[in-house]
Amino acid sequence: MNIGLHEITETIRMVQMENLDIRTVTIGIDLRDCANRDQVQMRKDVYDKILYYASSLKPMAEQVEQEYGVPIINKRISVTPIAEILGHATREEAIELGKTLDKAAKDSGVDFIGGYSALVHKGVTKSEQTLLDSLAEALSVTERVCASVSVATTRAGINMDVVKQMGEIIKEASTRTADQDGIACAKLVVFANPVEDNPFMAGAFHGTGEGEAVLNVGVSGPGVVLNALKKHPEADLGEVSEVIKRTVFKITRAGELVGRTVAERIGVPFGILDLSLAPTNALNDSVARILEEIGLERVGTHGTIAALALMNDAVKKGGAMASSYVGGLSGAFIPVSEDNGMIQGVQDGSLSLAKLEAMTCVCSVGLDMIALTGDVPASTLSGIIADEAAIGMINKKTTAVRVIPVPNKQEGDMVEFGGLLGRAPVMGVNPYSSEGLMKRGG
């Protein structure tokens, strides 16, 4: 890549003043050749293979981080959906494999490992059912393992039997980690139309169409986009779109340079760059504040979806202009707990669960990091998943649900998750039941 001096100085400014960072470098590793009827041997092979490819990720990423002056916040691993290699494993053996993944992540020094997953949008095999049965406990006894379940695709439709199960699994995971405010649920995503090269957690897994090992990069820069827009307070919406595209172009260039350098040094191919505006709790590092800068008094008011659609479209186009390797989800994330503007919108009453659901029609993913009252029924959780799956299926886009029923918390309470997971106001749900719909199955 040919990087000019002016691009370097602009990148330094974006890092120092506008919260630009590489949100994650995620190495994807294929584990299908580790499948073995001998579960003990399989766990050993899985551990050894992960360490073989990932042990140098953290030190090399830190080295590149220092050389280029661009922070790399997370170092992560994604693996083949574990249900694909379980074979005849029992529920207990699946949980032990989850613990093996956790140990491999810790010993590699990475933050999270994704791929304790199952793709069951059309049907469920015996090994996939074993993984589903183990999910709640596996997530509650591990620290760094993340899980995802695909329950719908545009082509296959929605597997409502699994949707019902997922509501129950989320409820159980919350109960098992009640002393930690249901934190296990923060590591579980339910998908429609998942992508195979997503570097972001908790939904990352190494898809079957991917190679032996690959490095995918997730770049984020809401603060950079917000600062750019502040310089054009009188611009019309066409000009706003151009400002976002030009800004995203610069972010993408910087991210690809860093990602390619890390990939080269750890000896794996560079995969894709996911340019997603993923917020943090840092000041002004917020997707909601961008929408408000575009012209909303508060996120969630009328016009929010139009502003979000404009921003998401501009982000995708700006990334595509900058690189031929844009992939993953690339767009805008709207996690409530990780975005101070979203949190304020909920607290001020401008942003509701229904509005967030509507926003998922045009953003990159779906309902993300939303704290719910601890007494929410499992059937209601399943209903929320079904609604999001329907949005994804009909609109031919990725949607997802990552909600956290917080035991012993009521609507309006605040819960602290810590770190990148942030804090969230507890939201209420519709009081009317979805039980009858869920019982039908199919």
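Here is a short tour of the chain, from the whole fold to its core and its cysteines.

This is a predicted model, in which local features need pLDDT of at least 70 and side-chain atom pairs count only at pLDDT 80 or more, while totals for chains, interfaces and linings use all residues. Residues are numbered from 1 along each chain as its sequence is written, and side-chain values use heavy atoms, leaving out hydrogens and water.

**Whole chain.** Start by colouring by secondary structure: there are 14 helices and 13 strands (DSSP runs numbered from the N terminus; helices are H or I with at least four residues, strands E with at least two). The C-alpha atoms fill a box of roughly 60 × 55 × 40 Å along the principal axes. Of the 442 residues, 59% count as buried (under 20% relative accessible area with a 1.4 Å probe, protein chains only; exposed is over 50%, partly exposed in between).

**The core.** Next, select I50, L135 and M166, which touch the most other members of the 129-residue largest nonpolar core (buried Ala, Val, Leu, Ile, Met, Phe, Trp, Tyr and Cys joined through side-chain atoms within 4.5 Å). Now show helix α8, residues 237-266, which gives this core the most, with nine residues. Another core, of twelve residues, lies apart from it and includes C146 and M201.

**The cysteines.** Which cysteine sulfur is closest to that of C185? Select C146: its sulfur is 12 Å away, too far for a bond (a disulfide needs two cysteine sulfur atoms within 2.5 Å). C185 is buried, at 2% relative accessible area. By this rule there are zero disulfides. Finish at C361, whose nearest cysteine sulfur, in C363, is 8.7 Å away; C361 is partly exposed at 33%.
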